[in-house]
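This report describes how strands and helices are arranged in one protein model. Keep the structure in view while reading.

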Amino acid sequence: MRIELVKGVNLNIIPSKQFKTTRIFISFVKNIESKKELAERALLANYLEMCSQNYPTQIDIARKLSQMYGASFGSSVDRRGNYQLINFSIDYIESKYLAGNEDLLSEVIEFLKEIIFNPLRVGENKNFDEETFTRQKNNTITYLKSIKEDKQAYAAAKLRKLYFDNEIQQVPSFGESEDVEKLTISDVMDAYQKMLNTDRVEVMISGDVNTDEVVNKFSVLPFKVRNISRASMSYTQEIKQEIVTQIDEEPLSQSKFDMAFRLPVVYRGDLHYAALVFNSLFGGSTLSLLFTVVREKMSMAYYANSNFDPFRQLLVVQTGISYTNKDKVQELILEQLERLRKGDFEDELLEQNKNNLISSYISRLDSQTSALLRAQSAALTGINVTVEEWLDNLQSVTKDDVMKVAKMVELQATYMLGTN
């Protein structure tokens, strides 16, 4: 059920008796217009999670969560194509498992109201607390700089810069350290006001809840009417005429070799499900050609996998290899792609991968977080697919469909990190 609380603010209710907890997401959604915005909002999410006017320290917040029978709370930022989401999530135990059936919903909503609408602000100008802000800024910078130590993540970030023409898309959802370093309290305060007053808001709640009660209680949140621009969530990019390559030398026991392909299949479009099956066959599972041929049969990679982002129409292959094997590995990967283009794979392998995807999907139905994320995607895209429809669409994918998708895949960039 989806209800508009005020213009631009929607409440999505997913009633379920399946779980022992109730889980709530509140997502502030914005079409990002600059790298600075990504950094501002990531730092803002970190600040808001740590303190508020009535809970000025992490200890105070932890104590309040403990009083709510060990409720779990956190904030995060996420990327969906052109959109960045600031998420506030909380889950708490169902009332029927408490003595006297105590209702925590009102208390939880008041806590979220406090965190989001009443952040810790001090002084005559009511700015964010400087000590807390500086600590969170430094923590964020330290984390972003530490990514370089995770060589797999670092290689993925470098590949993203090679692939994307748009500098906003080149940057991860949480920004870059050099952008965070430049931010002032005033910058993040401005970002907070924009988030609060102009962002599209999607509220999600899953649990054994009464719909009328939920609507009434969430109505206490002081959201203002906002005019939402319907910018496309999907990012599309023209094909590059030449493949971009880069090699960075660094002494590693295991070199990283990544490839970026353009795959112009849109989320929930005609070929969406065929693209899921293609990715599973290519490198998205232990039944894939990259795993069984490149890694297992040929022993040319420590790991080899692929991942498809339909919101940015990007297919990424990641491998860990010996530096001297780079050219052979690239050749092998492209050979597996060519096999899929020609339909050079057994029907049995196609069915195994489809069944693997179906099993994984069904297992996620037992996850409350997955249920909320599915509902969130439906809310953001306006496309709602039932479980039965998803299963039918996946099952109906044919070999010809997979071949059609494979023929749409175009190599655009490669990145190598390591030394001979």
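## Sheets and helix packing

Thr21 has Ile93 in strand 5 as its bridge partner. The model in which this pair is found is a predicted one. Thr21 belongs to strand 3, residues 21-31, and strand 5 covers residues 83-93; the two strands are antiparallel and share 11 bridges.

**The six-stranded sheet**

Strands 3 and 5 are part of an open sheet of six strands, whose order is 1-2-8-3-5-4 and whose pairing is mixed. Which strands stand at the edges? They are strand 1 (2-6) and strand 4 (72-80); each has a single partner strand, so one side of each has no neighbour in the sheet. On average, neighbouring strands here are turned by 20° against each other, with direction ignored.

Two helices pack on this sheet. Helix 9, residues 211-218, touches strand 1, strand 2 (9-15), strand 3 and strand 8 (200-207), and its direction makes about 150° with that of strand 2. Helix 14, residues 368-381, touches strand 1, strand 2, strand 3, strand 4, strand 5 and strand 8; the angle between its direction and that of strand 8 is about 145°.

**The five-stranded sheet**

Another open sheet is formed by five strands in the order 9-13-10-12-11, again with mixed pairing. Its edge strands are strand 9 (244-248) and strand 11 (303-309), each of which pairs on one side only. From one strand to the next, the twist averages 15°.

Inside this order, strand 10 (residues 255-262) and strand 12 (residues 314-321) run antiparallel and are joined by eight bridges. Ser255 stands opposite Ile321 of strand 12. Helix 12, residues 326-342, packs on the sheet and touches strand 9, strand 10, strand 12 and strand 13 (410-417). The direction of helix 12 makes about 35° with that of strand 10.

**Helices against helices**

The table lists three pairs of packed helices.

| Helix pair | Angle | Distance between axes |
|---|---|---|
| Helix 1 (residues 35-50) and helix 4 (residues 130-146) | about 130° | 10 Å |
| Helix 1 and helix 8 (residues 185-198) | about 85° | 9 Å |
| Helix 13 (residues 347-364) and helix 15 (residues 387-395) | about 165° | 10 Å |

How are helix 13 and helix 15 oriented to each other? Their angle makes them roughly antiparallel. Helix 13 passes helix 15 in a right-handed crossing. Helix 13 contributes Glu351, Lys354, Asn355, Leu357, Ile358, Tyr361 and Ile362 to the contact, and helix 15 contributes Val387, Trp390, Leu391, Leu394 and Gln395. Sorted by class, these are eight nonpolar, two polar and two charged residues.

Helix 1 appears in two of the listed pairs. Its angle with helix 8 makes the two helices roughly perpendicular. Their contact involves Lys36, Glu40, Arg41, Leu43, Leu44 and Leu48 of helix 1, with Asp187, Val188, Ala191, Tyr192 and Met195 on the side of helix 8. This contact has seven nonpolar and four charged residues, and no polar ones.

With helix 4 the arrangement is oblique, and helix 1 passes helix 4 in a right-handed crossing. Here Leu43, Asn46, Tyr47 and Met50 of helix 1 meet Thr132, Phe133, Gln136, Lys137 and Thr140 of helix 4. By class, four residues of this contact are nonpolar, four are polar and one is charged. Leu43 of helix 1 therefore takes part both in the contact with helix 4 and in the contact with helix 8.

Technical notes. Residues are numbered from 1 along each chain as its sequence is written. This is a predicted model: local features need pLDDT of at least 70, side-chain atom pairs count only at pLDDT 80 or more; totals for chains, interfaces and linings use all residues. Side-chain values use heavy atoms; hydrogens and water are left out. Two strands pair if DSSP finds at least two bridges between them. Helices (H or I, at least four residues) and strands (E, at least two) are DSSP runs, numbered from the N terminus. Axes are lines fitted to C-alpha atoms, for helices over the stretch in contact, and angles run from 0 to 180 degrees between N-to-C directions. Contact means heavy atoms within 4.5 Å. Angles under 35 degrees count as roughly parallel, over 145 as roughly antiparallel, 65 to 115 as roughly perpendicular and the rest as oblique. A crossing is left-handed if the near helix is turned anticlockwise from the far one by less than a right angle, and right-handed if clockwise. Ala, Val, Leu, Ile, Met, Phe, Trp, Tyr, Cys and Pro count as nonpolar, Asp, Glu, Lys and Arg as charged, and the others, Gly among them, as polar.
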